[in-house]
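Subject: Structure handover

Hello,

Here is the structure I said I would pass on. Please open it alongside this message, since the notes refer to residues by number.

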Amino acid sequence: MWENIISVIEKINNTLNGIVWGWPVIILILGTGILLTIRTRGLQVKRFGDSLNTTIIPTIKSLGKNKNRDDRLHSVSQFEAFSTAISGTVGTGNIIGVVSAVLTGGPGAVFWMWVSAFFGMVTNYSENVLGLYFRKKDKDGHLSGGAFYYIAYGLKWKWLGYLASIFCIFAAIGMSGVQTNKISGTLAEAFSRATATESTQTIRLIVGIVVAVITAVVIIGGIKRIGRVASMLVPFMSLLFIIMAVIAIVMNIENIPKAFALIFTKAFNFKAAGGGILGYSFAQVIKKGMARGVFSNEAGLGSSVIAHSASETREPVKQGLWGVFEVFFDSFIICTLTALMFLTTFDLTKLSSDMEDSVMSMTMFSTNFGGFGTAVFSIILPLFAFTTVIAWSYYGEKAVEFCFSWLKGGKTKYAVNIFKVVYVVLIATSATIHSELIWAIDDTFNGLMAVPNLICLVALSGLVAKITKNYYDRKKGREVEPMLSAYEDMNAEFAEDIKTENAAMK
């Protein structure tokens, strides 16, 4: 009976996924990025240096220094907001997702992931700018924002804002399922290799329960605890992966030219080849590259903006520049290293699209580093996945909060608490589900979540350009009224805060 239910779910999802990730949405994703690039005058290129100089560089310089934070807004630091957002994007999609894209779409999919990321940098920037501009404070002073906020209060389509929040809730549950499934699969595979045990379902379930319990402990503390945990784990796990990937690529340095040749030549492979991994059409290559690219960097989904909106910064553009670096780091560094590591390690003519992506990802490490590589992979992937799980719990929580904001007498909190319980329970159960199905379902949820967000970004692209110009005009010393919030009271409050900060720095 259970197998029949799964079969029906697969058929329904395949049909819906074909619609959601059809050419109209692919064109909408690329078109939105192109439009925003034009409206912001190539901001992801023109202001890339500014992005580094105002985000990660000063953060690195300030490590270990005490900072007095203004807690009136119950906010998190810019770096904690970024860490939460990047922990939501840097997940299994950066390793297993890239491997899956190459296995199912061929090496050319990597090129389209880069294309997605290039335009995704300005898309993510725009999401953050609008998220901070339209965020609101609740009665306790907590800041909340996200795609559903700028859809409801910027575009003024509340019905679409509610729909976006519903899609976000399902996407959050789906994303946690994917990540937990990959954690359990990775650790079960490592255990199986170490003990020569074939049955791993029990191990998967145990891992799922452990992840669920740890997640529950973290998310009870809200965005501040999530931000602190993410800010500790993200630098460690990212650095460990970068070091291992670079070493592996250097070990296979003679295969680098061939890897790049495959990426570029197969990116425009209009004709199907003679079967195997390279036997996919041009459309398949683009779709797999774009879908996995969006799954990885989340630009266009309107997800990471939820974390960025909780930042203490008053300047929408400043937090927007974190979004530029976020997509660059996620796709052009982490995903590219994964792709090169995979393509320089294996002979693709001996692989097939039906190979298990998680197994091939672990094999990639074990082939280069032996048992040590398996052990490191068994540490890196769970960390990548776990930080994504806790970040998306916050995204789902905020979506529930918005979706049920019409409830009176503080009853919205009940809805949020119910979501947390369901989220934690489903983490445990998803550990044992067939991985391809759960990945495909979340692909569908991501696509559904992206559509209303992209429509709004197109409609408000002029406002993004206006806020951006306002910020850089003020940086040049021009006397213009700051555009910090869509609401007069918050705009005046934030403007006064900036004046105070500037006076203190002189």
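The notes below go from the whole chain to single helices, the surface, and then the charged pairs.

Please keep in mind throughout that this is a predicted model.

Overall make-up

The protein chain has 21 helices and 2 strands. Of its 506 residues, 60% are buried. Taking contacts between residues at least 6 apart in sequence, 83% join residues at least 24 apart. The accessible surface of the chain is about 20500 Å², and carbon and sulfur atoms account for 65% of that area.

One pair shows how far apart in sequence two neighbouring positions may be. A465 and I38 are separated by 427 residues along the chain, while their C-alpha atoms are 9.5 Å apart in space. A465 belongs to helix α20, which covers residues 461–475, and A465 counts as buried at 18% relative accessibility.

Cysteines

The number of disulfides in the model is 0. For reference, a disulfide is a covalent bond between the sulfur atoms of two cysteines. Two cysteines can be placed by their accessibility: C335 is buried, at 4%, and C403 is buried as well, at 11%.

Helix α13

Helix α13 spans residues 256–266, and its buried residues are A259, L262 and I263. Seen down the helix axis, these buried residues fall within an arc of 95°, so they line one face of α13. A general point applies here: an α-helix has 3.6 residues a turn, so residues three or four places apart point the same way. The buried residues of α13 pack against two other helices, α8 (108–133) and α16 (316–345). On the other side of α13, the exposed residues are P257, K258 and T265.

Surface patch and two loop residues

A nonpolar patch on the surface is formed by W157, W159, L163, I166, F170 and I455, which together have about 570 Å² of accessible area. Helix α10, residues 158–195, gives the most to this patch, with 4 residues. I166 is in α10 and is partly exposed, at 32% relative accessibility.

Two residues other than glycine have a positive phi. For K156 the value is about 65°. K156 sits in the loop between α9 (147–153) and α10, and K156 is exposed, with a relative accessible area of 62%. For R41, phi is near 60°. R41 is in the loop between α2 (23–39) and α3 (43–46) and is exposed too, at 67% relative accessibility.

Salt bridges

How many salt bridges does the structure hold? The count is 7. The ones I looked at are as follows.

- E493 and K137 form a salt bridge in which the closest N and O atoms are 3.0 Å apart. E493 lies in helix α21 (residues 488–505) and K137 in strand β1 (residues 136–137), so the pair ties together parts that are 356 residues apart in sequence. E493 is partly exposed at 23% relative accessibility, and K137 is partly exposed at 33%.

- R474 and E315 meet through their side chains in a salt bridge, at 2.7 Å from N to O. This pair also links distant parts of the chain, with R474 in helix α20 and E315 in the loop between α15 (304–308) and α16, 159 residues apart. R474 and E315 are both buried.

- E401 and K398 form a salt bridge at 3.2 Å, N to O. Both are in helix α17 (residues 357–403), and because they are 3 residues apart, about one helical turn separates them. K398 is buried, at 7% relative accessibility.

- K469, D473 and R478 are joined in a network of salt bridges.

Where to look

If you want a short route through the model, begin with α13 and its packing against α8 and α16. Then turn to the nonpolar patch, which includes W157 and I455. After that, look at the salt bridge between E493 and K137, followed by the buried pair R474 and E315.

Regards

Conventions. Residues are numbered from 1 along each chain as its sequence is written. This is a predicted model: local features need pLDDT of at least 70, side-chain atom pairs count only at pLDDT 80 or more; totals for chains, interfaces and linings use all residues. Side-chain values use heavy atoms; hydrogens and water are left out. A disulfide is a pair of cysteine sulfur atoms within 2.5 Å. Buried means under 20% relative accessible area, exposed over 50%, partly exposed in between (1.4 Å probe, protein chains only). The arc is that of the directions from the helix axis to the C-beta atoms. Contact means heavy atoms within 4.5 Å. Accessible areas come from the Shrake-Rupley method with a 1.4 Å probe; for residues, only the protein chains shown count as cover. Patches are made of residues with over 30% relative accessible area and no salt bridge: like charges are joined within 9 Å, nonpolar side chains (Val, Leu, Ile, Met, Phe, Trp, Tyr) within 5 Å. A salt bridge is a side-chain nitrogen of Lys or Arg within 4 Å of a carboxyl oxygen of Asp or Glu.
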